[in-house]
Amino acid sequence: MNIDRRKATLFGAAAAVRLLLFTGFPGLPDLLTARVEISTPVTSFKRLQEGLYLYNHNVSPYDGGVYHQAPLLLPLFALLPSSATYPAFTYLLYIIVDLLSANALMQIADSGEAGSSKLYTSPRKDKKWSSFAIAAAFLFNPFTIATCIGRPTSVFTTCAILHAISKAVAGNSFTSMFALSFAAYLSMYPILLFPPLALLCFDRKRPMKGQESVYNFVFGNAMAVAGSMYSLLHMSSLITGSWEFLLSTYGVQLLLPDLTPNVGLWWYFFIEMFDSFRNFFLGVFWIHLSSYVAGLTIRLRRQPLFVIVTLLGIFAIFKPYPSISDTSLFLAVLPLYRHVLPLMRYTFLASSTILYATLLGPAFYYLWIYAGSGNANFFYAITLVWSLGLSVLVADALFAVLRDEWEVERPEMKGKEIRQI
Amino acid sequence: MRQLQSLLFILGFFFSGQTTASDYHEQLLLRPLHPSLLLASFNFQSNTTWASFEQQNFRYFPRSLGQILQHANTRELHLRFSLGRWDAESWGARPWGGAREGGTGVELWAWVEAETDEEADGRWLTLTNALSGLFCASLNFIDSTRTTRPVMSFQPSGGHNDSTLENLHLLHGTLPREVVCTENLTPFLKLLPCKGKAGISSLLDGHKLFDASWQSMSIDVRPICAEGETECQLQITQTIDMVLDLQRSKRPRDNPIPRPVANEELKCDTSKPYNSHDTCFPLDTAAQEEGWSLSQIFGHSLKGSCPLATDGADPVCINVPHARHVFTSAGAHEHKDPNGYLRCFELSPDGEFDLTLPDQDITEKAPLEQPLLYAERSFIGYGQESGGVQAILTNPSPTESVDFVYMESLPWFMKLYLHTLKAKINGKDKPVIQEMYYRPALDRKRGTQLEVRILIPANSTVVLTYDFEKAILRYTEYPPDANRGFDIAPAVITIGNVSIRTTSLLLPLPTPDFSMPYNVIILTSTVMALSFGFVFNLLVRRFVAVDEADQWDLRAVRLKIAAAGKRILGRFGSGKGKVENIKKVQ
């Protein structure tokens, strides 16, 4: 009862902060929507409005270069009263989505999967933050709040991913797979989370009579994902009347025709790339992004949840159109591993680099685009620093977890200096 | 309005004369615009029967153009080369009511006969490439991103059979960046029967034409099928309109630098208290008509009439009040239009013709015709990320409302947000948009096409605004002077049969650093390699305590090298032994 009251207070406070920002500063939502750090060509709220306008006027939004988001968002937002006349409904929708994400995050934290999975129990597992604190860290993270106010559609992906994880730790594999396919349907890249998520489901499923082999289980889940993906896509094709949305949504993520600046590494690279090598490097970048999945899943077989956390961090750096929304998701799930944080070596370096990039990024973008006293290299350099800071953080967390595992084998090595051979 | 009527009367006279035979007509109309400017409109028109066109029997119709039209199955063609801005506020309505006008740069639209859209695209490509060669213009750069298929704007001006009308495809392309210059004038003159050697075309000179404040060259080819007649005609109309600055044109070519007026030639207002030998307030010279002559402003006089123009129309007309003195060289006959401000001159076939208007104090002026619509378009917003376009459309008529189609064809990198399109009438939100056609842009494939039908009531102003986002391009897609910006084609406003243009716009896009390709590839790859290295280094290597690991000091290295060397030597030695063994067995 006490916890419920605390939770209600927390959620109420988070909603109140967002409502205050929405209503107290009427110019803020549009200002943040226009920021390249928040809105990317595949998530921007302004582009969603344009797609919605075309959809409502019987022009196919996919026969154009502006709207690259999933078709099912169109009827969803068409049901809501227009955000230009009644913005309150849109605000409430985004606040509710944030609270749902926080709720799923609390369920993950409550399960204790981070500290002790089926195959592995950390010696430090008792040193953890309460689910309340983790949800508060997510809800009051400035990145999360800015994302909510800027209203990109990536919050739906975030919510779907967190629900997929929370259902997986609850052993509810089918629901989890459906949530994953919904996330993949919205923004494609979450499909790479399938291997660790299937293993997580396998580890957490309730023991039944007649032990099912892991291969059969994964195969069954793959079928479930394929089936729900197919039904979502088929529904979309019925809504839009053709399959041309595939090229305009997933094709854009794969081929990167829109080079609007963002916090990632792809845009400037492909602006400056020689035409004859463009397709080759698109392939290299996608292979690089997916190469982490297999290695991490095999090496960290005993902690599939941490594989997901690391992959979310890597996606926030290396996906084609990243935004701070992806970073906020990574920073939301990282505190689940509170117990290994003391083992990290470069926390100060990583956090100060991220802070530095956060503050200088908007300034350099202003210098380039508005003041004209800087050029594109200013913003490009800051995205390099940002990516480097995040990758130091991801790698350091990975180091901490691996060391934690190693100390179970070699308990006498606790606190000693180590090397890798 | 009255001088337009008289012009129509002349044209009507000419039209009634032609029915069957191929004939040729040319006329120059001079119209002084109020502030010391002169509008010169050259018109050249010839007709040929459809049958002789089909048989390639060209007389006045230019063969080079005719064969291109036949090859590309083009039934109607309109080509425009324009420069400068028509100042409708002080110059009044446009020449020809705007029917012969084009946007800044080059504009081309044509009705192509084809069964399918793909076939029409192919023929359009043939047409643009052939015209590009003929007119020395970059028309071959009109690709799919610069081509639109207008739906509501542009109606065929010629008479087409109903059977061919079904298969006609209208294609429209613009090149707002094209600089129109003498290399376009020379092929233009070559199409004329007198080729600039005689008649009014002998006045055309690149130095004067492209020195004008505003100029437009047009070529229109259209079929004319009279009611009840089976025989159709093909008509080619070439016009050149230019607004010349009299003072600038009168400057001698050997001494073109403007110099201050000498003290004694200044006309000062002596009633001013500060007037003295070194201070002067210039007198208002509006009542003073400036003197000029044809040979002064065109550099030389007219070289007789073109002997092929046999339709009887007077080749030179001037639009001034009858009270204005006009002197001509000997051999020319003056015909005054009794109820207007127009007088025309009949020329002798040989002998030079010059027209002189002396300085004269005269208050009466030929009235300027009011345009149907004032249109202005500009960018709003700042920064290189996004912006907006604002079009101000004013209906000056106190009684009549205007119904027109506003068409924008924008490049794909200007990403239009249609949901932000707003039309305000006299500052109030009222529905004035009656109909809309929108075709969104596809990246690198086609541009945006927006056509809006608007009805403006009498004496009202409509302000049309919309937002757009500026895309950032691949570095190879920028022109060499990337920071100059990109030219955006003028909006076309179609009112009935005439279409007027706004000015073109200059759109600055965000630019990358063009010197950076290698640096970016190297730096980005370094970050990716670092991250890949961080992660996979942790994944594939084992942890050991510091003291358990091999020590990598100098002695350890030396020992390791020695051990490795010994091992290799040992292997080599044993190999040798084996060979010896084999030999022994043999």
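Leaving aside its neighbours within four places in sequence, which residues is L105(A) in contact with? They are I134(A), A135(A), F138(A), L162(A) and A332(A), where contact means that the C-beta atoms of two residues, placed from the backbone, lie within 7 Å.

This is a predicted model, in which local features need pLDDT of at least 70, side-chain atom pairs count only at pLDDT 80 or more, and totals for chains, interfaces and linings use all residues. Residues are numbered from 1 along each chain as its sequence is written, while chains are lettered from A and ligands numbered from 1 in the order in which they are written.

**Nonpolar cores**

L105(A), L180(A), L197(A) and Y406(B) have the most contacts inside the largest nonpolar core, which has 163 residues. Helix α18 (residues 376-409) of chain A gives the largest share of this core, 17 residues. A second, separate core of 80 residues includes W86(B), W109(B), W214(B) and L347(B). A nonpolar core here is a set of buried Ala, Val, Leu, Ile, Met, Phe, Trp, Tyr and Cys residues joined through C-beta atoms within 7 Å; a residue is buried if 20 or more other C-beta atoms lie within 10 Å of its own.

**Transmembrane regions**

UniProt, in unreviewed entries, places the feature "transmembrane region" at residues 518-540 of chain B and lists several for chain A, including 304-322 and 343-366. Such annotations may be inferred rather than shown by experiment. Helices are DSSP runs of H or I with at least four residues, and strands are runs of E with at least two.

| Span | Helix | Strand | Distance between end C-alpha atoms |
|---|---|---|---|
| 518-540 of chain B | 100% | 0% | 31 Å |
| 304-322 of chain A | 79% | 0% | 23 Å |
| 343-366 of chain A | 83% | 0% | 38 Å |

**Domains and sheet of chain B**

An automatic or database domain assignment sets the domain bounds: chain B is divided into domain 1 (22-251 + 268-361) and domain 2 (374-507). Their C-alpha centres lie 27 Å apart. The contact takes 25 residues from domain 1 of chain B and 27 residues from domain 2 of chain B.

Chain B also has an open sheet of five strands, in the order β17-β18-β24-β20-β21, with antiparallel pairing. β17 (374-380) and β21 (428-429) of chain B each have a single partner strand, so one side of each is left without a neighbour in the sheet. Strands pair if DSSP finds at least two bridges between them. Eight bridges join β20 (residues 414-425) of chain B to β24 (residues 461-470) of chain B, and V463(B) in β24(B) is the bridge partner of K424(B).

Note on methods:
Buried ≥ 20, exposed ≤ 12 C-beta atoms within 10 Å, placed from the backbone.
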